[in-house]
Amino acid sequence: MSILEAVPEEVWGAFSGVEAYVVGGYVRDALLARQRSDIDIVVAADAQAVAQEVASSLGGKYVPLDEENGIARVVLPRKQGYLDLSTMRGSIEDDLAKRDFTINAIAVSIEGEPRVIDPFGGRRDLKDGVVRVIAEDAFRDDPARLLRAVRIAAEYDFAIEPETEVLIARYSHLVKGVAAERVHEELCRILEAPKAHRSLHQLDQLGLLEAVIPEVALMKGVEQPKEHFWDVFEHSIQTVGALETLLRAEGIPGAEEILTSSVWSSELCQHFDQELSSGHTRRALL
């Protein structure tokens with residue numbers, strides 16, 4: 001199935017006469033056969049003006065997101081999701097070159113016969129399960145991408161490419177300048193993903209964990225009474241792993257047999273699966 005077939009034809013028809021491309025997460029997830037309701041589109045025109053026309057044509061709602069940078073949203077009717085439009089920076093290849101990772105730098109043209117533009121081998125990295133930064137400047141331009149690399153690897157069960165890991169460690173200190181709200185969002189999504197304790201270890205190895213939670217540095221090397229095997233830091237990480245076993249028991253072979261009904265139940269899992277603020281679950285917040 002074509003990447004564009006999952007969306008009603010009238011949506012793409014609303015861009016008639018405009019050079020426009022679907023980019024980013026929607027393309028990535030479509031290639032992985034994952035569903036996604038939000039669609040990022042770049043246009044070779046004034047994105048806000050195009051968004052107003054598209055919203056009017058489709059009977060949707062126009063929402064300006066960033067007037068300074070010309071970014072706008074079209075909320076589609078009948079809960080069909082939304083489109084985020086931005087103005088293309090140079091050619092489509094130039095625009096993709098300014099993105100973060102190869103798997104997020106794939107575009108599909110809307111007009112005419114859809115064609116895939118993949119100048120950095122994103123499809124190959126999707127197939128291989130690799131998170132690879134496009135350029136070293138990507139982390140300097142937006143240090144939140146340092147955390148995003150770990151988050152994407154966790155959500156998709158991908159590996160971070162070794163040279164990208166070296167760059168993350170080199171620039172890990174820059175994450176201290178990222179807005180707290182963005183750090184909170186990335187960290188919560190990492191905790192939502194499977195094997196969160198493994199991701200916390202990875203954050204630590206890359207120098208990111210202490211950068212966002214400085215207090216953990218004081219936990220390392222602190223011994224506990226002899227009945228405890230780990231120091232305070234490792235004990236805390238393993239506690240996250242133990243919680244995952246308790247709250248994801250249905251997905252862990254043999255876990256249900258090991259855990260007794262006094263510490264695990266499907267009702268308990270349902271309770272912690274409930275979403276609270278900003279779409280995060282009780283499990284992630286715990």
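Contact here means heavy atoms within 4.5 Å. The model described is predicted.

**Helix H8 and its surroundings**

Helix H8 spans residues 162-171, and its buried residues are Thr164, Leu167, Ile168 and Tyr171. These residues lie on the same side of H8, because the arc they cover around the axis is only 100°. An α-helix has 3.6 residues a turn, so residues three or four places apart point the same way. The elements that cover the buried residues of H8 include strand E8 (130-131) and strand E9 (159-160), together with helix H6 (137-141) and helix H7 (144-156). At the start of H8, the backbone nitrogen of Glu163 has a side-chain oxygen of Glu161 within 3.1 Å.

**The seven-stranded sheet**

An open sheet is formed by 7 strands with mixed pairing, in the order E3-E4-E5-E2-E1-E6-E7. Its edges are strand E3 (61-66) and strand E7 (116-117); each has a single partner strand, so one side of each is left without a neighbour in the sheet. Strands of a sheet pair through backbone hydrogen bonds, either parallel or antiparallel.

Both senses of pairing occur at strand E2: E2 pairs with strand E1 (residues 20-23) in the antiparallel sense over 4 bridges, while 6 bridges join E2 to strand E5 (residues 82-87) in a parallel arrangement. Strand E2 itself covers residues 38-43, and 5 of its 6 residues are buried, so the strand is largely enclosed by the rest of the structure. Individual residue pairs involving E2 are listed below.

| Residue in E2 | Residue opposite or bridge partner |
|---|---|
| Val43 | Ala20 |
| Ile41 | Val22 |
| Ile39 | Leu83 in E5 |

Helix H3 (residues 47-58) lies across E2, E3, strand E4 (71-75) and E5. The direction of H3 is at about 160° to that of E3.

**Arg283 in helix H15**

Helix H15 comprises residues 282-285 and contains Arg283. Is Arg283 buried or exposed? Its relative accessible area is 14%, and the limit for a buried residue is under 20%, so Arg283 counts as buried. The side chain of Arg283 makes a polar contact of 2.3 Å with the side chain of Asp273.

**Summary**

In this predicted model, strand E2 is largely enclosed and has E5 and E1 on either side in the sheet order. Helix H8 has its buried residues on the same side, and buried Arg283 is joined to Asp273 through a side-chain polar contact.

Methods
Residues are numbered from 1 along each chain as its sequence is written. This is a predicted model: local features need pLDDT of at least 70, side-chain atom pairs count only at pLDDT 80 or more; totals for chains, interfaces and linings use all residues. Side-chain values use heavy atoms; hydrogens and water are left out. Buried means under 20% relative accessible area, exposed over 50%, partly exposed in between (1.4 Å probe, protein chains only). Helices (H or I, at least four residues) and strands (E, at least two) are DSSP runs, numbered from the N terminus. The arc is that of the directions from the helix axis to the C-beta atoms. A polar contact is a pair of N or O atoms within 3.5 Å; within protein, one must be able to donate a hydrogen and the other to accept it, and residues adjacent in sequence count only if both atoms are side-chain atoms. Two strands pair if DSSP finds at least two bridges between them. Axes are lines fitted to C-alpha atoms, for helices over the stretch in contact, and angles run from 0 to 180 degrees between N-to-C directions.
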